[in-house]
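Me: I have a structure open and would like to go through parts of it with you. Could we take it step by step?

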Amino acid sequence: MSATEIVRLDAETAPLVARRVAEELALADGARDRDRALPHDQVKTYAAAGLGALTVPLEFGGPALPATTVAEVFRLISWGDPNVGQVPHSHFVFLNQLRLNGTREQQQRIYSEVRAGALVANAQSEFGTKHVRDIRTTLTPAREEGEWLLNGEKFYCTGSLFADYLAVLARRDVDGPLHVAWVRTETSGVEIIDDWHAVGQRTTGSGTVRLTDVVVPDEWITPFAITFDVPTTYGAFAQLLHAAIDAGIARRALDEASAFVCTKSRPYADAVAIAGVETAAQDPLVVQAFGEMELAVRSAEALLAEAGRRVDEADADLTESSAAEASLAVAAARASTAKVSVDVTSRLLEVSGARSALTATNLDRHWRNARTHTLHDPAAWKVQHLGRWAVDGTPPPRHGQI
């Protein structure tokens with residue numbers, strides 16, 4: 001974490017900075033994937049550029065940028081490397097949680113560190129429980145009044161290896177409501193394990209966090225369950241950022257397919273004999289495939305932008321109706337980007353030809369990244385929510401899926 005405050009970006013400069021960082025990320029993302037080289041330096045560059053403080057409220061010295069801008073930054077960074085793009089996902093989600101439920105003192109303390117480059121990672125999901133919202137981690141009273149003992153084991157802790165803080169989802173008094181314990185990663189009793197070995201998104205630092213009698217004072221605990229007692233965009237915002245990651249993967253795959261076809265692919269013999277082409281890029285079937293992929297990616301990007309606008313509109317005038325409209329727009333974007341990212345990253349190999357399947361190209365990393373990230377939660381349920389709304393006006397659930 002930097003000792004000095006990071007420069008404050010605005011809605012115009014944030015995407016420009018993100019594009020510059022993304023171009024640097026793209027220079028070696030394939031090598032990092034191949035070697036499973038954790039992007040410690042790249043995450044530091046991201047934070048140092050001020051990209052982690054985009055949503056810090058104005059009253060705490062931040063730019064309070066809208067969801068549309070944050071989503072575009074996520075899309076651009078994920079174009080460069082979706083591993084780095086996913087690392088700050090929980091950072092922004094739980095900063096949103098802090099905005100909604102934290103005390104002014106808690107907000108001041110954490111936001112000031114975020115402005116200086118601190119990063120937050122999640123410790124919420126647990127391995128082997130009944131379902132994703134079945135949380136067994138607990139906060140129980142410690143010997144000292146006003147202190148709690150945090151115990152549990154978390155998995156899928158994205159970004160934990162790079163973080164300054166862990167936002168730990170736990171039940172207070174074993175069976176009580178869910179709360180968030182804000183724990184510094186160097187705290188005694190915190191063990192962060194590098195055991196994430198997935199087919200894709202290999203370097204997101206999404207392994208195990210063990211918590212053994214971690215002492216947490218009252219002032220570092222915020223309520224979580226109350227988030228959904230009122231209309232909220234909390235889940236929609238989280239899902240919007242997931243959609244942006246998928247959109248970035250899809251666009252990068254299409255760009256790399258184009259570069260490969262124009263510089264390395266050979267034309268198919270039938271295209272030479274029948275269509276008289278001289279290069280693979282002139283093959284009418286290849287051109288048709290690229291047209292279909294471009295259409296799909298543009299459609300997904302448009303739905304992403306629309307979803308961001310709906311979230312911003314709801315945040316400006318939050319009602320049951322506006323929150324539902326935001327959730328539906330995000331559901332459409334999430335369903336689209338999930339499908340498009342998997343489809344385009346698969347067709348990348350189809351249009352590029354047999355040479356693209358060589359391990360040396362590592363082009364398959366795009367499909368592996370898309371396939372892994374889109375498993376976060378079923379896109380089919382987004383379509384279900386859209387269908388229920390279209391049929392009888394049933395709004396999507398408030399809690400969404402973070």
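Me: Is Arg184 buried, partly exposed or exposed?
Reply: Please keep in mind that this is a predicted model. Arg184 has a relative accessibility of 25%, so it counts as partly exposed.

Me: Which residue does Arg184 form a salt bridge with?
Reply: The side chain of Arg184 meets that of Glu186 in a salt bridge, with an N to O distance of 2.9 Å. Glu186 counts as exposed, because its relative accessibility is 55% and the cut-off for exposed is over 50%.

Me: And why can two such side chains pair at all?
Reply: Side chains of opposite charge can pair when their charged atoms come close.

Me: How many salt bridges are there in the whole structure?
Reply: A search of the whole structure gives 31 salt bridges.

Me: What does Arg251 pair with?
Reply: Arg251 forms a salt bridge with Glu294, and the closest N and O atoms are 3.0 Å apart. This pair links distant parts of the chain: Arg251 belongs to helix H8 (residues 234-263) and Glu294 to helix H10, with their positions 43 residues apart.

Me: Is Arg251 buried or exposed?
Reply: Arg251 is buried, because its relative accessible area is 14% and buried means under 20%. Its partner Glu294 is at 22% relative accessibility and therefore counts as partly exposed.

Me: Which residues are linked with Arg251 and Glu294 in a network of salt bridges?
Reply: The network also includes Glu72, Arg75, Arg298 and Glu301.

Me: What about Asp218, which residue is its salt bridge partner?
Reply: Asp218 pairs with Arg172, and the closest N and O atoms lie 3.1 Å apart. Here too the pair links distant parts of the chain, 46 residues apart. Asp218 sits in the loop between strand S7 (208-217) and strand S8 (221-223), whereas Arg172 is in strand S4 (residues 165-172). Asp218 has 34% relative accessibility, so it counts as partly exposed.

Me: Staying with strands, where is Asp213?
Reply: Asp213 lies in strand S7. With a relative accessible area of 44%, Asp213 is partly exposed.

Me: Which residues does Asp213 touch, leaving out those up to four places away in sequence?
Reply: Asp213 touches Leu149, Leu150 and Asn151. In addition, Asp213 and Trp148 are 65 residues apart in sequence, while their C-alpha atoms are 8.6 Å apart in space.

Me: Now to the helices. What describes two packed helices?
Reply: Two packed helices are described by the angle between their axes and the distance between the axes.

Me: What are the values for H10 and H11?
Reply: Helix H10 (residues 284-316) and H11 pack at an angle of about 160 degrees, and their axes are 8 Å apart. H10 is therefore roughly antiparallel to H11, since angles over 145 degrees count that way. Their crossing is left-handed. By class, 21 nonpolar, three polar and four charged residues make up the contact.

Me: And at what angle do H11 and H13 pack?
Reply: Helix H11 (residues 320-352) and helix H13 (residues 379-392) pack at an angle of about 140 degrees, with their axes 8 Å apart. The two helices are therefore oblique to each other. H11 passes H13 in a left-handed crossing.

Me: Which residues meet there?
Reply: From H11, the residues are Glu325, Leu328, Ala331, Ala332, Arg334, Ala335 and Ala338. They meet Ala379, Lys382, Val383, His385, Leu386 and Trp389 in H13. By class, this contact has nine nonpolar, one polar and three charged residues.

Terms used
Residues numbered from 1 in each chain as written. Predicted model: local features only at pLDDT ≥ 70, side-chain atom pairs only at ≥ 80, totals over all residues. Heavy atoms only, no water. Axes fitted to C-alpha atoms, helices over the stretch in contact; angles between N-to-C directions. Helix = DSSP H or I, 4+ residues; strand = E, 2+ residues; numbered from the N terminus. Parallel < 35°, antiparallel > 145°, perpendicular 65-115°, else oblique. Left-handed = near helix turned anticlockwise from the far one by under 90°. Contact = heavy atoms within 4.5 Å. Nonpolar A, V, L, I, M, F, W, Y, C, P; charged D, E, K, R; others polar. Salt bridge = Lys/Arg side-chain N within 4 Å of Asp/Glu carboxyl O. Buried < 20%, exposed > 50% of the residue type's maximum accessible area, 1.4 Å probe, protein only.
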